[in-house]
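Me: I should like to learn how to read the features of a protein model. May we go through one together, step by step?

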Amino acid sequence: MELKVGDKAPEFSGIDQDGNAIQLTDFKGKKVILYFYPKDNTPGCTAQACNLRDNYEALLEKGYVVIGISSDNEKSHKKFIEKHELPFPLIADTEKEIHNQFGTWGEKSMYGRKYMGTFRTTFVINEEGIIEEIIQKVKTKDHTNQIIG
C-alpha cells in the first residue's frame, strides 16, 4: 500500500536512542516531520540531520516536532546525536516495521548492484495525523526549506 497526501498516517511505535517508546499518538495536536533516512554518520544523512538541527528553532516556532527514523540501532543513533548535537529523537527501526508501514524500505540500485535499503523520504503530518506532504526528492543540505519554504 502506497501512502498519499490526505491519508491518515499509520500509527507506529518505536524505540529512540535512549530506549524511550515513541508513538505517533504522543504528538496529537502537533505537526510532525517524520523523516526516514538510510544510515547514521553518512555524508547525505549527516547533511540532512544537521540542516534540520540548524533550523530546529524555526521548525519549533512553526509548531513542528522532528523525528528521524533509520534501521540503525539505538547505540548508533546515540553516537550520531552526540557527535552532531541533534536536538530531536531518532527511532531505531531495526526490524523495519515502521519502514514497511510507510513504504520506505525496498529494493534499491547503486552502480548496477541491487540491495534492500531505505528510501530517503519525509512525511509532514498535521495535528490530526493526516499526511500533508510527502517529500521523496530530499535536498539534504536544504531540507528545512523544502518543508517550510
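Reply: Certainly. Let us begin with a single residue in this predicted model. At a relative accessible area of 49%, Met 116 counts as partly exposed, because that value lies between the 20% limit for buried and the 50% limit for exposed. Met 116 belongs to strand β7.

Me: Which residues are in contact with Met 116, leaving aside its neighbours within four places in sequence?

Reply: They are Trp 105, Gly 106 and Glu 107. One may also ask about separation in space: Met 116 and Gly 29 lie 87 residues apart in sequence, and their C-alpha atoms are 35 Å apart.

Me: How should I read a pocket, and which residues line the largest pocket?

Reply: Rolling a probe the size of a water molecule over the atoms shows where empty space is left. Here the largest pocket holds about 170 Å³ of space. Its lining consists of Pro 38, Ser 71, Trp 105, Lys 108, Met 110, Arg 113, Tyr 115, Met 116, Gly 117 and Thr 118. The elements giving two or more residues to this lining are β6 (105-110) and β7 (113-118). With five residues, β7 provides the largest share.

Me: How many residues of each class are in the lining of the largest pocket?

Reply: Five are nonpolar, three are polar and two are charged.

Me: I should now like to turn to the interior. Which residues have the most contacts inside the largest nonpolar core?

Reply: A nonpolar core is made of buried residues whose side chains are joined by atoms within 4.5 Å. The largest one here has 19 residues, and those with the most contacts inside it are Tyr 35, Leu 52, Val 66, Leu 86, Phe 88, Leu 90 and Ile 147. At least two residues of this core come from each of β3 (31-36), α1 (43-54), α2 (56-61), β4 (64-70) and α3 (74-84). The largest share, three residues, is supplied by α1. Apart from this core lies another, of 18 residues, including Phe 27, Phe 36, Phe 102 and Ile 131.

Me: What is in contact with Tyr 35, beyond its neighbours within four places in sequence?

Reply: Its contacts include Gln 48, Ala 49 and Leu 52, together with Val 66, Ile 67, Gly 68 and Ile 69. Phe 88, Leu 90, Thr 121 and Thr 122 are also in contact with Tyr 35.

Me: Is Phe 36 buried or exposed?

Reply: Phe 36 is buried, with a relative accessible area of 0%. This residue is found in strand β3. Although Phe 36 and Ile 69 are 33 residues apart in sequence, their C-alpha atoms are 4.8 Å apart in space. Beyond neighbours within four places in sequence, the contacts of Phe 36 include Ile 69, Ile 98, His 99, Phe 102 and Thr 121.

Me: Where is Thr 121 placed?

Reply: Thr 121 is in strand β8 (residues 121-125). With a relative accessible area of 4%, Thr 121 is buried. Leaving aside neighbours within four places in sequence, its contacts include Leu 34, Tyr 35, Phe 36 and Ile 134.

Me: How does one read the faces of a helix, and which residues of α3 are buried?

Reply: An α-helix has 3.6 residues a turn, so residues three or four places apart point the same way. In α3, the buried residues are His 77, Phe 80, Ile 81 and His 84. Viewed down the axis of α3, these buried residues fall within an arc of 95 degrees, so they line one face of the helix. On the other side of α3, the exposed residues are Lys 75, Lys 79, Glu 82 and Lys 83. The cover over the buried residues of α3 includes α1, β4 and β5.

Me: Finally, what should I notice about the backbone angle phi of Asn 41?

Reply: Asn 41 has a positive phi of about 60 degrees, although it is not a glycine. Asn 41 sits in the loop between β3 and α1 and is partly exposed, with a relative accessible area of 35%. Lys 96, likewise not a glycine, has a positive phi of about 60 degrees. Lys 96 is placed in the loop between β5 (90-92) and α4 (97-102), and at 23% relative accessibility Lys 96 counts as partly exposed.

Note on methods
Residues are numbered from 1 along each chain as its sequence is written. This is a predicted model: local features need pLDDT of at least 70, side-chain atom pairs count only at pLDDT 80 or more; totals for chains, interfaces and linings use all residues. Side-chain values use heavy atoms; hydrogens and water are left out. Buried means under 20% relative accessible area, exposed over 50%, partly exposed in between (1.4 Å probe, protein chains only). Helices (H or I, at least four residues) and strands (E, at least two) are DSSP runs, numbered from the N terminus. Contact means heavy atoms within 4.5 Å. On a 1 Å grid over the protein atoms alone, a cavity is a set of points where a 1.4 Å probe fits but cannot get out, and a pocket is an open set with protein on both sides within 12 Å along at least five of seven lines; lining residues have an atom within 4 Å of a point. Grid points are joined across faces, edges and corners, and a volume is the space filled by probe spheres set on the points. Ala, Val, Leu, Ile, Met, Phe, Trp, Tyr, Cys and Pro count as nonpolar, Asp, Glu, Lys and Arg as charged, and the others, Gly among them, as polar. The arc is that of the directions from the helix axis to the C-beta atoms.
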